[in-house]
Amino acid sequence: MTELTKGDSIGSTTLTLTRADLVRYAGASGDFNPIHWSESTARSVQLPGVIAHGMLTMGAAVQLVTDWCGDPGAVVDYQTRFSAMVPVDEAAGATLEVSGKIGKVNDDGTVRIDLTVTDPGHGNAKILTKAQAVVRR
């Protein structure tokens with residue numbers, strides 16, 4: 001890697017999640033909670049409709065980091081706080097904007113990447129806060 005400086009961008013990407021993605025994730029994760037696939041169940045518990053799994057959103061967002069560093073095994077830590085739901089419309093799905101920047105260059109050869117994840121379809125709601133990945137250089 002070249003010289004890294006706090007504040008440098010690692011890029012950005014747009015993610016699209018569909019209801020089919022939610023079903024595939026449910027099968028892979030074993031999380032079959034109906035709020036992730038049943039409109040009537042989601043609305044019956046006062047949700048805006050079917051919502052994406054938090055861990056699916058978290059995992060999809062870190063893809064920007066693994067693409068940047070070129071090695072998923074280089075990510076030695078990844079943490080976030082969930083701050084908003086991701087409603088997934090049956091027809092349109094959901095679109096998330098993910099961007100990353102260097103948050104800190106550590107003396108031990110690791111770099112902290114700070115991610116910003118927003119939902120432009122819902123007022124640019126910030127989906128994840130304190131989303132930070134530590135990458136071994």
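Okay, let's start at Ala20, which sits in helix α1. Ala20 is partly exposed, with a relative accessible area of 37%. What I like here is its spatial partner: Ala20 and Gly93 are 73 residues apart in sequence, but their C-alpha atoms are 9.2 Å apart in space. Keep in mind that this is a predicted model, and every number I quote is computed from it.

So how does that fit the chain overall? Residues 24 or more positions apart make up 65% of the contacts with a separation of 6 or more. As for the elements, we have three helices and five strands. How do they run from the N terminus? The order is β-α-α-α-β-β-β-β. In other words, after one strand come the three helices, and then the other four strands.

A few overall numbers, for anyone setting up a box. The C-alpha trace spans about 50 × 30 × 20 Å along its principal axes. There are 137 residues, and 42% of them count as buried. The accessible surface is about 7400 Å², and carbon and sulfur atoms hold 50% of that.

Now, charges. How many positive and negative side chains are there? The chain has 12 positive and 15 negative ones, and the centres of those two sets lie 7 Å apart. On the surface, Lys6, Lys101, Lys104 and Lys126 form a positive patch. Let me pick out Lys126 from that group: Lys126 belongs to strand β5, residues 125-136. Its relative accessible area is 44%, so Lys126 counts as partly exposed.

Next, salt bridges. Searching the whole structure turns up four of them. Let's go back to helix α1 for one between Arg19 and Glu39, where the closest N and O atoms are 2.6 Å apart. Why is that pair worth a look? Arg19 is in helix α1, residues 19-29, and Glu39 is in helix α2, residues 39-44, so the bridge ties together parts that are 20 residues apart in sequence. Is Arg19 buried or exposed? Arg19 is buried, at a relative accessible area of 16%. Glu39, on the other hand, counts as partly exposed at 28%.

Staying in helix α1, we also have Arg24 with Asp21, and there the closest N and O atoms are 2.7 Å apart. Those two are three residues apart in the helix, so about one helical turn separates them. Arg24 is exposed, by the way, with a relative accessible area of 55%.

Further along the chain, Asp114 and Arg112 make another salt bridge, with the closest N and O atoms at 2.7 Å. Which side of that pair is buried? That's Asp114, with a relative accessible area of 15%. Arg112 comes out as partly exposed, at 22%. And then there's the network: salt bridges with shared partners join Arg19, Glu39 and Arg43 into one.

To pull the helix α1 part together on screen, start from Ala20 in that helix, find Gly93 with its C-alpha 9.2 Å away, then show Arg19 reaching Glu39 in helix α2. After that, add Arg24 with Asp21, the pair within helix α1. For the other charges, bring up Lys126 in strand β5 along with Lys6, Lys101 and Lys104 from the positive patch. That's my tour, thanks.

Technical notes:
Residues are numbered from 1 along each chain as its sequence is written. This is a predicted model: local features need pLDDT of at least 70, side-chain atom pairs count only at pLDDT 80 or more; totals for chains, interfaces and linings use all residues. Side-chain values use heavy atoms; hydrogens and water are left out. Buried means under 20% relative accessible area, exposed over 50%, partly exposed in between (1.4 Å probe, protein chains only). Contact means heavy atoms within 4.5 Å. Accessible areas come from the Shrake-Rupley method with a 1.4 Å probe; for residues, only the protein chains shown count as cover. Lys and Arg count as positive and Asp and Glu as negative; His and the chain ends are not counted. The place of a charge is taken as NZ of Lys, CZ of Arg, CG of Asp or CD of Glu. Patches are made of residues with over 30% relative accessible area and no salt bridge: like charges are joined within 9 Å, nonpolar side chains (Val, Leu, Ile, Met, Phe, Trp, Tyr) within 5 Å. A salt bridge is a side-chain nitrogen of Lys or Arg within 4 Å of a carboxyl oxygen of Asp or Glu.
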